[in-house]
Each structure stands twice: as structure tokens, then as C-alpha cells.
Amino acid sequence: MTREEVLKDIRSKFEGEILDFCDKSPHRVYMEIRPEAIVPMASHLFLDLGARFNIASGMDMMDRIEILYHHTLEDLNLMISLRVRLDRDNPEIDSMGAKLEAYNWIEREIAEILGVRFRGHPDMRHLLLADNWPDGVYPLRQDYEEWDPSAIRDRGV
Amino acid sequence: MGRTIVPIGPYHPLQEEPEFFSLTVEGERVVDIDVRIGYNHRGIEKLSERKNFDQSTFVIERICGICSTSHPFAYTRAVEDIFPMDVPERAKYIRTIIAEGERIHSHLLWLGLAGHFLGYNTVYMWVWKLREEILDAMEILSGNRNNYAMFKPGGVRRDIKESDIPDVLRKVESIVGTLEMLRDAIMDDPVIHARTKGVGVLTKEKSIEFSALGPTSRASGVARDVRKDSPYAVYDRLDWDMIVTQNGDVFDKVVVRVLEMLESVKIIRACLLNLPGGEIDAKIKNVPPGEGVGHIEAPRGETFHYVRSDGTNRPVRHKVRAPTFMNLPTYKATVVGETISDATIILAAIDPCYCCTERMAVRDVDGARLYDGQDLIRLSQLKTERLRKELGFGS
């Protein structure tokens, strides 16, 4: 399939799910989608179109939590990033890690550093943070404050 | 048969970085495995958000001592992806040369360690001696054996002197003979075959499912290389081959890396001989608001950076994904069913790099060092003294 056919295929299959479509450059496309559509859309990209999952990147925008799922269609040299916006007070989304291994670790990482709950994820243990890290403290949130008086993190280095 | 859990780590007996493997074994057979990382988490992503775009290049260069160019390369490409801009031709060539030099010395480092893991220390000594030639070449080019500080958004920081080119070329080409000898030795050596063939197989299907990267995927028959799939710098203009093998075992991972080094020599040679003149820096003044993605083929696979700018002089979000983050989880598919003696080399075969995976940082309080070398020696002496007393040795 050509670039146009792939994009047309995605847009026609998930017409109601795509909230915003940004054809940024020949190699980059960003689509904002409804969070409920992440599993069917990412699965379609990965399993049907043969895209490789690069990674997901989460970000705290103060009024919302945003996650981008980056996928590359290597034959077309095209990166498609699916953007979801989540409620910052209760960020929740269905887990892709439950379905495909490639998404497993990054969901664990985003869960612990941004506090997103991935529904159905098989293994929600800490990945990078220490086991004694307190619940409900997320280091990549914008309003993160140091909780451990003995730590040498965050002293303006 | 009863099951036993064998803990390896957090201080790994062979590898330099802390990680914890918990192997569940029945007799000699591994039946389950779990990994724990995070012992080195430095919070570099958070740190980078407080630096300006130029400073971040130096911070992320310190993510990894081996891939010290991959991260700045991916990062600068991410910044350059935020808005339309062109990097000068000469800078593209210099970037390619540095990146391929790094690939060679990284693969040599791994090959030496792999020999060591297999109990084959001759390979280890030979290969690391060979690596010195490349490090010398990199020192001529950048002034340093590692952490080259060559990259900046918009170009490179340092030009290559015409008078240095013959020396660099001679050093780089000098490894070819030994590399070919090593390649033939590995292909023929019955010990290496016995230890690595059919061991720790990552099938093509599993490789795709885990989205494995770099030599780990190419050894499993998945032709995946960012340099070919999404060409950057000058890779699409040069004549070189992507190395792909089909078996997915440790042996194939060795072969892929050895052959790749020979391709890298070809690339460096072509770049040095065709280096165009001109500027080396596009001199970016401001980074407008927006987001950009940069991905490049590091020695271990694709390194991926995502940078978001809000129009100020620093990134508001900087996501770093090192290749080991995708490659390490393949242990679930490769180690189970193998013997415990093979587990070390299988786990090492992806060329894991935890420091990158965990992206850690920097700890000084108010600019002051907590401990310097002298303090650590003193602490160690005090401890030895205490132990001697406790154990009843003469003072």
C-alpha cells in the first residue's frame, strides 16, 4: 500500500474515533483519537498494517495527561503517532500490553512516572522506581514535589 | 523435580551494570525468569527539561558511555524535526562518520565481552586491543576516545581537519584484516559453534511481537534498520548492505555484528573520501513551539527521542527510549528452556545497556561533590580496618 492508501484505510476504518488529523511532514503523521479506540487502532497498525511500535511517550499538560503511541511503517518510512488525552485526575486507558508484549514495559513506566492506570495490564509492578517509592507520587507530573527529605534529587542541580 | 530460584545480581558477576535476574530452574533447565531494573535510575528526562536545548545535548550524551553519540544524534534530529530546517551537507557527513565509528567500537566491546562470557578470553583480549585503533581514530576526530561532544541541534560542533583524514583512514582500515580473521575464526571455531549455535533462539515472529531492534532483530531474519528504513544523514547515498541472518540464535547475533563492522568501515571510508566543503552548523536561533521525533540506528538498535517545545529555550518534554528497553524483554522468549550455563550468554547477546534503559542522573548537592575519589579510598580503608578487627586479624 502507498502512504495515501494507508492513511485512507485508517481514516475510513476509524472515522468516528479520529478527533484531529495532522499531516505534519512526508514522514510524520499525528492523529488525536478517542482513548477508547487505542486498542483497536494500535492493533490495526501493528497486526494488520505491519507497523513497528517505537514507544509511547507520556506528558503532563497540567489540564490533562497526554500519551503518544509512536508507530513506524518501515516500508513507507512513515511514523504515525496516536495521541490520546486523558483526564488528569483519573487517567485511565485500556492496556495494549495485555495484548502485545512490545507495549508491556512502557505502560509500566508511564504508570509509575505519570500515574496512568492501564486497564487489564498483566504486571503492574514498578519497573524503574524503587519498591519503597510511595503510592500516588509521580515524578514526571509537573507539580511533583520531593517527598523524601534525605534524597539528593531536586536540589536545583 | 524441585524448583530452585537462582538470583543473579543486583551486582552482576560479569556485566558492569546493576540488574537483577531471578532464574527459576529445575535441575539445570531454566523454567522461568524475571528481571528487575531501575537500580540506576537517574531521572535524565526530568533533568533535561530544566536545561536549554544546547545544554541538553551534553546531558543526554552522558546517558551512556558507549552510545555517547546515539543519544545526541537522535535528540538533535528530534529538535530539527520540530520545524522545517536543513542541516549543512558537511555536517551530515561528519555525523555519519562519528556514528559509524561508535558502532564499530561498541560492537568490538560487545564481541570482547561475549568471548569473555563464553570463557574464551583470547577473543576478549584480541578484540579489545583492536578496539583501541578505533578509539584512537575517534580521538583524532573529536579530541576524545568517547563522549565526543560533536553534535548540536543544527549541525556539528567541530570540523574535521583535512590533514587528519589520512591518519583516521589508516587507523580505521587497519582493523579490517584482523576483523576478517576474526570473522573466519568465529565461522570455523567448533567451541564457539558448540556454545552459541541453536542457543537462545529468538524466532522471527517473537522478534516482531516484541518489536525487537538492531542486531537482535536482524539476527532473527527481520530486516529492520533505521539507516535503510528511514534514511538520515547520508546513509541513503552510500553503498552499504544491511546484514540480516535467519536463525535468531546467539551465533547469528555474533555474525551480524561482526559483518556490520566491516560495512561500517566501508561507510566511514566513503564519507571521509567524499567529504564536501562548506558550513558545519545551521546556527539555529530559536526553536518554535511544536513537537519532534528523532530516531537513529544506534549499535544496539533504534534510539528514539521525542522532544516537545513550547517556544521557550528549553524542552517541556524530552522522552528518551534506548534500544535495550525493547530488546531486554525478549528474554521471556529466549531464556526459558535453556540451561543455566547458557543463560548468561543469551542475556548478554542482546548487548544490554541498562544505564541507557534507565536514563539516570547526576548527583551533586549545590554543585559540591558528595564524595571524591580520595573520600572513597578513605572509606574503603576504614572498612577494611574494621573488618580486620572484627575478624581478628593482626593490626
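**Figure 1. Overall fold of chain B in the predicted model.** Among the contacts in chain B with a separation of 6 or more, 71% join residues 24 or more positions apart. The chain holds 16 helices and eight strands. Along the principal axes, the C-alpha atoms of chain B occupy a box of roughly 65 × 55 × 40 Å. The radius of gyration of chain B is 22 Å, which agrees with the value near 21 Å for a compact globule of 395 residues. Of these 395 residues, 50% count as buried.

**Figure 2. Close-up of helix 4 and helix 11 of chain B.** Helix 4 spans residues 89-117 and helix 11 spans residues 250-273; their axes come within 9 Å and cross at roughly 155°. Angles over 145 degrees count as roughly antiparallel, so helix 4 of chain B is roughly antiparallel to helix 11 of chain B. The crossing of these two helices is left-handed. On the side of helix 4 of chain B, the contact includes B:Tyr93, B:Ile97, B:Glu100, B:Arg103, B:His107 and B:Trp110. From helix 11 of chain B, the contributing residues include B:Val254, B:Arg257, B:Glu260, B:Met261, B:Ile267 and B:Cys271. Sorted by class, this contact between helix 4 and helix 11 of chain B has 13 nonpolar, four polar and four charged residues.

**Figure 3. Surroundings of B:Glu260 in helix 11 of chain B.** B:Glu260 has 23 other C-beta atoms within 10 Å; the cut-off for a buried residue is 20 or more, so B:Glu260 is buried. Apart from neighbours within four places in sequence, B:Glu260 is in contact with B:Arg103, B:His107, B:Pro215 and B:Ile243. Of these, B:Arg103 and B:His107 belong to the helix 4 side of the contact shown in the preceding figure. B:Met242 is 18 residues from B:Glu260 in sequence, and the C-alpha atoms of the two are 7.7 Å apart in space.

**Figure 4. Close-up of helix 2 and helix 3 of chain B.** The axes of helix 2 (residues 53-61) and helix 3 (residues 70-82) of chain B come within 8 Å and cross at roughly 155°. That angle makes helix 2 of chain B roughly antiparallel to helix 3 of chain B. The two helices pass each other in a right-handed crossing. Helix 2 of chain B contributes B:Phe53, B:Ser56, B:Thr57, B:Ile60 and B:Glu61, which meet B:His71, B:Pro72, B:Tyr75, B:Thr76 and B:Val79 in helix 3 of chain B. This contact of helix 2 with helix 3 of chain B has five nonpolar, four polar and one charged residues.

Key
Residues numbered from 1 in each chain as written. Chains lettered and ligands numbered in written order. Predicted model: local features only at pLDDT ≥ 70, side-chain atom pairs only at ≥ 80, totals over all residues. Axes fitted to C-alpha atoms, helices over the stretch in contact; angles between N-to-C directions. Helix = DSSP H or I, 4+ residues; strand = E, 2+ residues; numbered from the N terminus. Parallel < 35°, antiparallel > 145°, perpendicular 65-115°, else oblique. Left-handed = near helix turned anticlockwise from the far one by under 90°. Contact = placed C-beta atoms within 7 Å. Nonpolar A, V, L, I, M, F, W, Y, C, P; charged D, E, K, R; others polar. Buried ≥ 20, exposed ≤ 12 C-beta atoms within 10 Å, placed from the backbone. Rg over C-alpha atoms; globule rule 2.2 N^0.38 Å.
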